[in-house]
Amino acid sequence: MRLSGWGRYPSVEASLLAPKDAGSAARILQNSEGPRMIPRGAGRSYGDSALATRVLSSRYLNHLIAIDQNALTIRAGAGATLGEILRICVPQGLFLPVLSGTKYVSLGGAIAADIHGKNHHVDGSFCDYVNRFTLLLPSGETAVCSHTENIELFRATCGGMGLTGVILDATISLRKVPSAFIDVLSIPAANLKDSLALLRQYNEKQYVVAWVDCLATDTALGRGVIHIGSHSETGKLTFKQKRKISVPFTTPGFLLNRYTMSGFNHLYYARHRLKRSVKSMYFDDFFFPLDSINGWNRLYGAAGFLQYQFVLPDHSAESGLRETLDTLSRAGKGSFLAVLKRFGPANTNLLSFPSKGVTLTLDFKYEPDLLPLLDILDEIVLKAGGRHYLAKDARMSAAVFRQGYPQWHQFKAIKDQIDPTGILGSLQSERLGLTKPGMRSSE
Ligand SMILES: Cc1cc2nc3c(=O)[nH]c(=O)nc-3n(C[C@H](O)[C@H](O)[C@H](O)COP(=O)(O)OP(=O)(O)OC[C@H]3O[C@@H](n4cnc5c(N)ncnc54)[C@H](O)[C@@H]3O)c2cc1C
C-alpha cells in the first residue's frame with residue numbers, strides 16, 4: 001500500500017503489519033527478514049519518521065489497562081490515542097499534563113517524539129510524565145524502561161523516533177483538573193518584538209501560544225495574537241464527542257497561495273486587533289482547533305506539504321526569527337499556519353527536541369523550489385544555535401541533524417548495541433545517518 005505521514009510528502013510503497021497483541025509483534029521481529037521495519041502509531045508525524053518498506057503498526061495495541069486514582073497514573077497500550085485517554089480521564093477530573101495540537105496521536109508516537117504542548121515553558125515535555133514503558137526490542141525480547149530501570153534505553157527511546165524498539169504500553173502521570181474548560185485571554189501583538197515580549201511577559205502562565213501572520217512585512221513583520229490559557233475553576237467535567245466537518249477530496253494545490261493565505265491572516269488578525277478578549281473554551285477547542293476539520297491535510301493539494309519547526313535559544317531568537325521571516329517574505333513563500341511558543345529547559349533524553357528558547361512552526365505546500373529555500377532556513381537556524389523537530393522533518397540533511405543534536409552519537413551507540421543487524425530503521429533514520437541505507441547489515 002502507498003503510505004505517507006500527515007504531510008503526504010514523501011510517500012512510499014510499504015507493507016503494513018498490524019499485530020493484535022504483544023506476542024504477535026514479538027514474532028514479527030523475531031522472524032524479521034528482508035528490509036528494515038519501523039513502528040508506526042497514528043501516522044500524525046508529518047514527514048518520513050514512520051515510513052519504511054515495512055511498517056509495524058501499534059494501532060491495535062490500544063487497550064486502556066488501568067487508572068490509579070491515588071497515584072494519579074494511567075497505564076495504556078501504545079496504540080491508544082491521547083483522545084481515547086482523555087475520554088476516560090476528563091469525566092474523572094483527570095487530564096494529560098502535555099498535549100500536542102491534535103488528539104489523534106498515539107501514546108507510542110507521543111513518547112517516540114517526546115511531544116511538547118503549549119506549556120513546555122512551565123511543565124516540560126510528554127516524557128517527563130512517563131513513569132515506565134514496556135519496550136519490545138529488535139531481538140523480540142521485552143525490557144521495562146523507567147527512570148530507575150534500563151535508564152539509558154529510556155533516555156534513547158523517549159524522543160528516539162521508534163528506532164530502539166516497539167513501545168507496547170506505558171504508565172504516565174496525570175494531573176487533576178476542576179473543569180473541562182480553559183479560560184483564555186487573547187492579546188494582539190503589533191509585530192515580532194511585541195509578540196516575543198508578550199510571550200515573555202506571560203511566561204509564568206500555564207498555556208501560552210502565539211499565532212503569527214508570517215506574510216505581514218516591514219513594521220508589521222511578526223504581528224500576531226497571543227492566547228494565554230489556564231484550567232477554569234468552573235464548568236462541567238464532560239467529554240464531548242465533537243462534530244467535525246470533512247475535506248472530502250484533495251483540493252487543487254493552487255487554492256492555497258500567497259493571496260488566499262494573506263486574506264486569511266488578515267481576517268484572523270483583524271478579528272483580534274482592536275482589543276484583548278477573555279473567554280471560556282471547551283478544552284478540545286483550545287488544544288486541538290484543527291481536529292474539527294477532518295482531513296485538513298488534503299487542503300494542500302496532491303503534492304502534499306511540509307511542516308518546518310525549529311527552536312532558537314533566547315539570545316538569538318529575535319534576530320533568527322526576523323531573518324527567517326524576511327527570507328520567506330523575499331522568496332514570496334507564506335505559511336498558512338505559523339505558531340510561536342516558548343520552551344523551558346531541555347530534558348536529558350538524547351534526541352528530544354525542546355530546549356530553552358523560542359520555537360516557530362511553519363507549514364509549506366510542497367513545490368519544487370521549496371526544498372532549496374528550506375536549506376537556506378536550515379543555515380539560519382544552525383547559525384542562531386537552534387535545531388529542528390524530527391517529528392515534522394521530511395528532508396533535513398545528516399549534517400544539519402548532527403549539528404542540532406550533538407548527542408546523536410550516544411544515541412547511535414545504544415541503537416547499534418541493541419539492534420546490531422539494523423532491523424529497525426525509517427526513511428528518516430537513513431537520511432540522517434542513524435541507520436545504513438538499503439538492506440540490513442547481515443544481508
Ligand atoms: C495537527 C497536528 C498537530 C501537532 N501538534 C504537535 C504539537 O503541538 N507538539 C508536538 O510535539 N507534536 C505535534 N504534532 C506531531 C505529533 O505529535 C508527533 O508527530 C507524534 O509523534 C505523532 O504520533 P503518532 O502516533 O501519529 O506517530 P507516527 O506518526 O505514527 O510515528 C511517529 C514516530 O513515532 C514512532 N512510533 C509510533 N508508535 C510507536 C511505538 N508504539 N513504539 C515505538 N515508536 C513508535 C514512529 O516510528 C515514528 O518515528 C502534531 C501533529 C499534527 C498532525
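**Exercise 1.** How many residues of the shell around the ligand are nonpolar, how many polar and how many charged?

*Solution.* The model is a predicted one. Sorted by class, the shell around the ligand holds 16 nonpolar residues, 16 polar residues and two charged residues. For the count by class, Gly belongs with the polar residues. Glycines also appear at the ligand itself: of the 34 residues around the ligand, those that come nearest are Gly41, Gly101, Gly108, Gly109 and Gly162.

**Exercise 2.** Determine which element gives the most residues to the shell around the ligand.

*Solution.* Begin with the elements that supply at least two residues each: β4 (37–40), α3 (107–112) and β11. Of the elements, α3 gives the most, with four residues.

**Exercise 3.** State the strand order of the five-stranded sheet and explain why β6 and β10 each have one side without a neighbour.

*Solution.* The sheet is open and antiparallel, and its five strands follow the order β6-β7-β11-β9-β10. β6 (64–68) and β10 (142–146) are the edge strands; each has a single partner strand, so one side of each lacks a neighbour in the sheet. With direction ignored, the average turn between neighbouring strands of this sheet is 10°.

**Exercise 4.** Describe the pairing of β9 with β11 and locate the helix that lies across both strands.

*Solution.* β9 (residues 130–136) pairs with β11 (residues 166–173) in the antiparallel sense, over six bridges. Within this pair, Phe133 is opposite Ala170 of β11. The helix across β9 and β11 is α1 (residues 22–30), which runs at about 50° to β9.

Note on methods
Residues are numbered from 1 along each chain as its sequence is written. This is a predicted model: local features need pLDDT of at least 70, side-chain atom pairs count only at pLDDT 80 or more; totals for chains, interfaces and linings use all residues. Two strands pair if DSSP finds at least two bridges between them. Axes are lines fitted to C-alpha atoms, for helices over the stretch in contact, and angles run from 0 to 180 degrees between N-to-C directions. Two residues are in contact if their C-beta atoms, placed from the backbone, lie within 7 Å. A residue is near a molecule or strand if its C-beta atom, placed from the backbone, lies within 6 Å of it.
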